[in-house]
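Hi,

Here is the structure I promised to pass on to you. Have a look at it first, and my notes follow below.

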Amino acid sequence: MPERISSSFDPVRAAARQASSIAELLDVMWEQDRNDGPPPYLSVSQLRVMYIVDHKNGIRMRALTRLLGASPPSVCRLVDRRPCPDSRREVTLCVTPPRRT
């Protein structure tokens, strides 16, 4: 007998379950690579900051600290800062190309 689809199917919950499964797989893959490969050049915190800054290019430091739920001094250590064009008291962040050595 074929399985009936519940009339209470919630696409948001289904997407959340899929996202959870994907996150778990990525975590496993990250750990495997970390154990097998060379040490990572970026910390998880730095990677998270880069993701946010890449998607919100020109984000102000104050907004980034709110998104991360972190204090400004801890975030300052993760990024290179540039002066904000319209406020000398603020700092904007953007992803820059890697430096050539």
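**The sheet**

In this predicted model, three strands make an open sheet with antiparallel pairing, in the order S1-S3-S2. Strand S1 (59–60) and strand S2 (82–84) are the edge strands, and each of them pairs on one side only. S2 and strand S3 (residues 87–93) run antiparallel and are joined by three bridges. If you want a place to start looking along that pair, Pro83 stands opposite Val91 in S3.

**Helix H3 and its buried side**

Next comes helix H3 (residues 61–68), whose buried residues are Met61, Leu64, Thr65 and Leu68. These residues lie on the same side of H3, because they cover an arc of only 100° around the axis. What do the buried residues of H3 pack against? Their partners are helix H2 (44–55), S1, helix H4 (72–76) and S3. Just after H3, Gly69 has a positive phi of about 65°.

**The core**

The largest nonpolar core has 10 residues: Val49, Ile52, Val53, Ile59, Met61, Leu64, Leu68, Val75, Val79 and Leu93. H2 and H3 are the elements that give two or more residues to this core. In soluble globular proteins, nonpolar side chains tend to be buried together. Leu64 is a good residue to centre your view on: leaving aside its neighbours within four places in sequence, Leu64 is in contact with Val49, Ile52, Val53, Ile59, Val75 and Leu93.

Happy to talk it through whenever suits you.

Best wishes

Definitions and conventions: Residues are numbered from 1 along each chain as its sequence is written. This is a predicted model: local features need pLDDT of at least 70, side-chain atom pairs count only at pLDDT 80 or more; totals for chains, interfaces and linings use all residues. Side-chain values use heavy atoms; hydrogens and water are left out. Two strands pair if DSSP finds at least two bridges between them. Helices (H or I, at least four residues) and strands (E, at least two) are DSSP runs, numbered from the N terminus. Buried means under 20% relative accessible area, exposed over 50%, partly exposed in between (1.4 Å probe, protein chains only). The arc is that of the directions from the helix axis to the C-beta atoms. Contact means heavy atoms within 4.5 Å. A nonpolar core is a set of buried Ala, Val, Leu, Ile, Met, Phe, Trp, Tyr and Cys residues joined through side-chain atoms within 4.5 Å.
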